[in-house]
Amino acid sequence: MRHVFGSADVDFFSFLKNKYPGCAQAHALSLCCGDGAFEEQLLQMGVFGEITGLELSPERIAYGESRNSQGQTDGLRRLHFLQQDVNLGNYGEQCFDVVFAKAALHHIEQLEQAMEGIRRCLRPGGLLITIDFFGPSRFQWTDAQLAACNTFWSQRVPPRLQHGRAGHAVGAITRPTPEAMIAMDPSEAVRSGELYGLMRDHFDILEDFALGGTVLHLLLSEDRVNHFDASDPSHNAVLEEAVAFEQQLISSGALSSDFRFMVARPKTTGPCA
Ligand SMILES: C[S@@+](CC[C@H](N)C(=O)[O-])C[C@H]1O[C@@H](n2cnc3c(N)ncnc32)[C@H](O)[C@@H]1O
């Protein structure tokens, strides 16, 4: 938050509330909403007035609905789930003020169809708000990205932290094969590398914040984080250094930002208009 908004006191919720206060009454459609936990917070914080969540997994919806029937917080009463494949792009006609997509669009293969669906379902002046992964499709990390990650891991992380939970040494960060990615989850980052270009083709961009993650996402995943202890200042110093290292590479243009927070409006002329 410090790097993105210039202050640790600003977060996505307060930014949206201050910059787009009209959204407090908005009916938002949330794509790939999972169990709706983040949506519940959006409602409780007064960012949106009502949310319809689209989600493919009946299990995630059932979990969200079971929380709903137990808790019945004010936020949950204004959250409704629909089980639907976002790839289909049929979200209705001019029936939402906002489309919200967090960790969502990078799971979508039929991106053009989804973007056309977003345009159609928004009322005039409606917004797409996305917080997502825009990095290489199927995690085919760039050579520059892998070199940066492995330089930091081998040269800047103290040897005592270069071990997994079971005490074994954790080696170099590598690129998974597309086949391994598909076996793990066929929708994971399916066309994420095309997402940023498609956003700019189909939408007028009102906000575009680089959230980073190009190094940190790879560095701080799986076994590599297991020895980090948030209460140890020397461990936090390594994390701070990693954040600064990534920031420097992104701000100098050596690496792009794999994660972004964007607010956009469908173009009135262009591919989908
Ligand atoms: C990374 S999770 C993000 C969940 C939630 N938006 C969040 O940020 O916590 C991705 C979600 O997208 C759902 N999903 C994947 N493909 C989908 C599709 N084609 N249509 C609808 N939901 C989908 C998954 O079931 C999962 O709940």
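Colleague: How do the residues of the shell around the ligand divide into nonpolar, polar and charged?

Modeller: In this predicted model, the shell comprises six nonpolar, five polar and four charged residues. The ligand is surrounded by 15 residues, and the closest are Cys32, Glu55, Asp85, Val86 and Lys102.

Colleague: Which atoms of Cys32, Glu55 and Asp85 lie opposite polar atoms of the ligand?

Modeller: A polar contact is read here as a pair of N or O atoms within 3.5 Å. Cys32 takes part through a polar backbone atom, 2.8 Å from a nitrogen atom of the ligand. For Asp85, a polar side-chain atom is found 2.8 Å from a ligand nitrogen atom. Glu55 places an N or O atom of its side chain 2.6 Å from an oxygen atom of the ligand. On its own the ligand has 590 Å² of accessible area, of which the protein covers 79%.

Colleague: How should one look for empty space, and how many cavities of 30 Å³ or more are counted?

Modeller: A probe the size of a water molecule, rolled over the atoms, reveals where space remains empty. Here the count is one cavity of 30 Å³ or more. The volume of the largest cavity is about 40 Å³.

Colleague: Which helices each supply at least two residues of the lining of the largest cavity?

Modeller: They are helix H7 (143-155) and helix H11 (233-251). H11 gives the largest share, three residues. The lining residues include Phe152, Trp153, Leu219, Arg224, Val238 and Ala242.

Colleague: What is the character of the lining of the largest cavity, by nonpolar, polar and charged residues?

Modeller: The lining has nine nonpolar residues, no polar residues and one charged residue.

Methods
Residues are numbered from 1 along each chain as its sequence is written. This is a predicted model: local features need pLDDT of at least 70, side-chain atom pairs count only at pLDDT 80 or more; totals for chains, interfaces and linings use all residues. Side-chain values use heavy atoms; hydrogens and water are left out. On a 1 Å grid over the protein atoms alone, a cavity is a set of points where a 1.4 Å probe fits but cannot get out, and a pocket is an open set with protein on both sides within 12 Å along at least five of seven lines; lining residues have an atom within 4 Å of a point. Grid points are joined across faces, edges and corners, and a volume is the space filled by probe spheres set on the points. Helices (H or I, at least four residues) and strands (E, at least two) are DSSP runs, numbered from the N terminus. Ala, Val, Leu, Ile, Met, Phe, Trp, Tyr, Cys and Pro count as nonpolar, Asp, Glu, Lys and Arg as charged, and the others, Gly among them, as polar. A residue is near a molecule or strand if one of its heavy atoms lies within 4 Å of it. A polar contact is a pair of N or O atoms within 3.5 Å; within protein, one must be able to donate a hydrogen and the other to accept it, and residues adjacent in sequence count only if both atoms are side-chain atoms. Accessible areas come from the Shrake-Rupley method with a 1.4 Å probe; for residues, only the protein chains shown count as cover.
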